[in-house]
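Thanks for coming. I have one structure to go through this morning, and I will keep to what can be read off it.

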Amino acid sequence: MTGTVAAEAPVGELLRQWRQRRRLSQLDLAGEAGVSARHLSFVETGRARPSREMVLLLAEELEIPLGARNELLAAAGFAPVYRRRDLGDPDMAAVRSALDLVLAAYEPFPALVVDRSWHLVAANRALAGLLDGAAPALLEPPVNVLRLSLHPDGLAPRILNLPEWRRHVLHRLGRAAHLSGDLGLAALHRELLALPGGWTGPRPTASRCRCACGPARRC
C-alpha cells in the first residue's frame, strides 16, 4: 500500500477523488473510458459495484499510480494485482546492473538514482565529494535528496541560484503530490516549504542547480 488517499473509503468515493484531482467531469471520464456517464455516476455514489475490469479501466484512464490502483481494488473487494519489488530483490538483478553501468558512466561527475519519494536508492562514487560537509543527520538512511538539496545544513549554502532552484523543486514536488495523492509527498512539500531560501519572482519553466563546487548541471 502507498501513502495515498485512505483505503477505508468506498471505491466510488476514491474514484471520484481521483477524477476531481484530474479535473475531469463524469461525462469526460465516461467518454474516455467508453462507459456510460450514468453507470459511472452510480459507481461513484455507491449505487453500483464496479467489476474488477471496470476498476482497472477507470484507473488506467485516470493515470492512477499502481500502488493506489491496488487500494482501489481492495476497496472494491478484489485482491491487489500490482507487486512492489525493491531494487535489491533477485528478480531486479538485471535492472540493478543496468543502473550501475549508467551511474559509472557519469563519473567523475556525481549521479544518483531516487525512488518516487525522492529517497536515495543508488549513486556512483563521485557523489561522496558533493555531500562532504553536509549534516550527518541529513545523510542517515533513507536519505531524501530534496531535503538534502534545500536544507541549510545540507547543500543549500552551495547553490548559487538557490531561490530559483527552490521554486522549481517545490513547484514540481507540489504538483506531484497533488496528482498522485501521495500523503508522504504532500508532507515533504510542507516541510521543505518552511525552509529558508527565498521565494520571489515568477517560476521558471526550467531550472538548473548551479553548485558553487562545480559547473552548471542538472542535479
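Start with α2 and α4, which are roughly perpendicular to each other. This is a predicted model, so please take what follows as computed from it. Helix α4 is residues 52-61, and the angle at which α2 and α4 pack is about 110 degrees, with 10 Å between their axes. An angle from 65 to 115 degrees counts as roughly perpendicular, which is why the pair gets that label. On the α2 side the contact is made by Leu29, Glu32 and Ala33, and on the α4 side by Leu57, Leu58 and Glu61. By type, that contact has four nonpolar residues, no polar ones and two charged ones.

Helix α2 also meets α3. Here α2 is residues 26-33, α3 is residues 37-45, and their axes come within 9 Å and cross at roughly 115 degrees. That makes α2 roughly perpendicular to α3 as well. The crossing of α2 and α3 is right-handed. From α2, the residues in contact are Gln26, Leu27, Leu29 and Ala30; from α3, they are Ala37, Leu40, Ser41 and Glu44. Five of the residues in this contact are nonpolar, two are polar and one is charged. Note Leu29, which is in the contact with α3 and also in the contact with α4.

Next, α1 and α5. Helix α1 covers residues 11-21 and helix α5 covers residues 66-75; they pack at about 150 degrees, with axes 8 Å apart. That makes α1 roughly antiparallel to α5, since the cut-off for that label is anything over 145 degrees. Val11, Leu14, Leu15 and Trp18 of α1 touch α5 through Ala68, Glu71, Leu72 and Ala75. This contact has seven nonpolar residues, no polar ones and one charged one.

Which residues of α1 are buried? They are Val11, Gly12, Leu14, Leu15, Trp18, Arg19 and Arg21. So two arginines appear in that list alongside the nonpolar residues. The cover over the buried residues of α1 includes α2, α3, α4, α5 and α9. Just after α1, Arg23 takes a positive phi of about 60 degrees.

Now the strands. β1, residues 112-114, and β2, residues 120-123, pair in the antiparallel sense over three bridges. Val113 has Ala122 in β2 as its bridge partner. Five residues lie between the strands of this hairpin, and Trp118 takes a positive phi near 70 degrees there.

One loop residue is worth a stop: Pro152, which sits between α8 (145-150) and α9 (162-180). Is Pro152 buried or exposed? Neither quite: Pro152 is partly exposed, and its relative accessible area is 38%. Leaving aside residues up to four places away in sequence, Pro152 touches Pro157, Leu195 and Pro196. Pro152 and Gly197 are 45 residues apart in sequence, while their C-alpha atoms are 8.1 Å apart in space.

Last, the whole chain. The protein has ten helices and two strands. Read from the N terminus, the order is α-α-α-α-α-α-β-β-α-α-α-α. Of the 219 residues in the protein, 39% are buried. Among contacts with a separation of 6 or more, 54% join residues 24 or more positions apart.

Methods: Residues numbered from 1 in each chain as written. Predicted model: local features only at pLDDT ≥ 70, side-chain atom pairs only at ≥ 80, totals over all residues. Heavy atoms only, no water. Axes fitted to C-alpha atoms, helices over the stretch in contact; angles between N-to-C directions. Helix = DSSP H or I, 4+ residues; strand = E, 2+ residues; numbered from the N terminus. Parallel < 35°, antiparallel > 145°, perpendicular 65-115°, else oblique. Left-handed = near helix turned anticlockwise from the far one by under 90°. Contact = heavy atoms within 4.5 Å. Buried < 20%, exposed > 50% of the residue type's maximum accessible area, 1.4 Å probe, protein only. Pairing = 2+ DSSP bridges.
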